[in-house]
Amino acid sequence: MGESDRLTRMAFTRTAGRLGLLSCHLCNSLTESAPGAYEGRCSRCGSHLRFRKPDSITRTWALLIAGYLLFIPANLLPIMHTNSLFGAQSDTILSGVVYLWTSGSWHLAVIVFIASILVPSAKLVTLTFLVVSVQRRSTWDPLQRTNMYRILESVGRWSMLDIFVVAMLVALVHLQTLATIRAGAGAVAFGAVVVVTMLAAMAFDPRLIWDPRWTRHE
Amino acid sequence: MVTLPVIACHECDLLQRKIALPPQGRARCRRCRAILYRDYPPGPDRALACTIAALVLFLIANAYPIVGLEVQGNRETASLYDAVHTLWVEGREDVALLVGFTAMLTPAIEISLLIYLLLPLKFNRVTEGTVPILRFLQTVRPWSMTEVFLLGILVALVKLEHLARVEAGIALWAFGSLIPLLIIASMSFDPEELWAKVTG
């Protein structure tokens, strides 16, 4: 390996932030920051750039706490009220899963359980773990933690499933002689959980996971 | 500043040299395995074709009923608009807004803005306001949930099967074919090509 090769290799095990370069989230180009400045404008597309997402940890915490609080009514309040010839019935998310299971559609019960209960709770717990690890400047397996972040960011949207199910049921079984279905207050709380946890994942900056590696090695 | 053939990873900030990719290849970050950039088919043709097809399907998906329900000889159908409308009328405005926003408005914005960008590109022109539109598309994209909505319809259908005879409407098929088209469109749209044109 030639000397110039070795030098470029060294130069490229650096992060943009360490070299004072702001990377654009929109057009991928790099802009040199003014000395001492924390933010700047992209030289190619003019986007407002910062080295890291602003107040990432504080904002993620705020949205996470909101998510935890909303998770309680989302699971306890009924998401759906059914009025039929056989009487009135209120369903929470969990009782909806149980109903699917006992009525023989076990595969759907599994899908709804994963999307509505497993994904939101796993998302809250995993994101909490990630924020705490970043705050403690942990250097434990950053690749593993980045993968966790990727998974929670990509599966989050699927939790909207139950909201859409309720919306379709309400529209179809509406002013029917056989039954009427109405959306319950739990649906509002549940929708809010999905939105808030998506915002929390967006507020978190995965680059923070990798940052302590440099400061520790110096 | 000139654009260097260097890229910083969005997920771990590591600087890396850009290299030429084989057709349909993807470059991944050396450290965190994030996808840095892809190889796209040249020109906006494929992306434009898929987006226009997606627009037609989206209109069908919204204009026609998604499912029909038959109870004691009464036939009731529901479209996406009916779902939003019923929720609104029954006092669940918040849920109605959430469904309308994620299943109707956001996909509509996404598709129409893509056409607005791609069509002039086909004739080698760059549309006014390209940069703010790209910025807006990036913000809006995570909230476009057509594929989750489709799964929601299917779950609702199975739940109703015990109550009444259900039949799939035209819109269900339209939603089903809309999703792969949107995926192909976003995978063949090269933002770098647009950036090169914007900066002249």
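This short talk covers the contact between chain A and chain B and the salt bridges in this predicted model.

Conventions, quickly. Local features need pLDDT of at least 70, side-chain atom pairs count only at pLDDT 80 or more, and totals for chains, interfaces and linings use all residues. Side-chain values use heavy atoms, without hydrogens or water.

Start with the interface. Contact means heavy atoms within 4.5 Å. Chain A contributes 71 residues and chain B 66 residues. Together they bury about 6,500 Å², counted as the accessible area (1.4 Å probe) lost on being put together, summed over both. Carbon and sulfur atoms carry 69% of that.

Now salt bridges: a side-chain nitrogen of Lys or Arg within 4 Å of a carboxyl oxygen of Asp or Glu. The structure holds 10 over all chains. Three run between chain A and chain B. One salt bridge joins A:R157 and B:E147, at 2.7 Å, N to O.

Which residues are linked with A:R52 in a network of salt bridges? They are A:D211 and B:D13. A:R52 to A:D211 comes out at 2.8 Å between the closest N and O atoms. Those two residues are 159 residues apart in the chain. B:D13 to A:R52 is 2.9 Å, again for the closest N and O atoms. That pair crosses between chains.

Buried or exposed, A:R52? Its relative accessibility is 10%, so A:R52 counts as buried. The cut-off for buried is under 20% relative accessible area (1.4 Å probe, protein chains only). B:D13 is buried as well.

Last pair: A:R207 and A:D205 form a salt bridge at 3.1 Å between the closest N and O atoms. Both residues are buried.

Technical notes: Residues numbered from 1 in each chain as written. Chains lettered and ligands numbered in written order. Buried area = accessible area lost by both parts, 1.4 Å probe. Helix = DSSP H or I, 4+ residues; strand = E, 2+ residues; numbered from the N terminus. Buried < 20%, exposed > 50% of the residue type's maximum accessible area, 1.4 Å probe, protein only.
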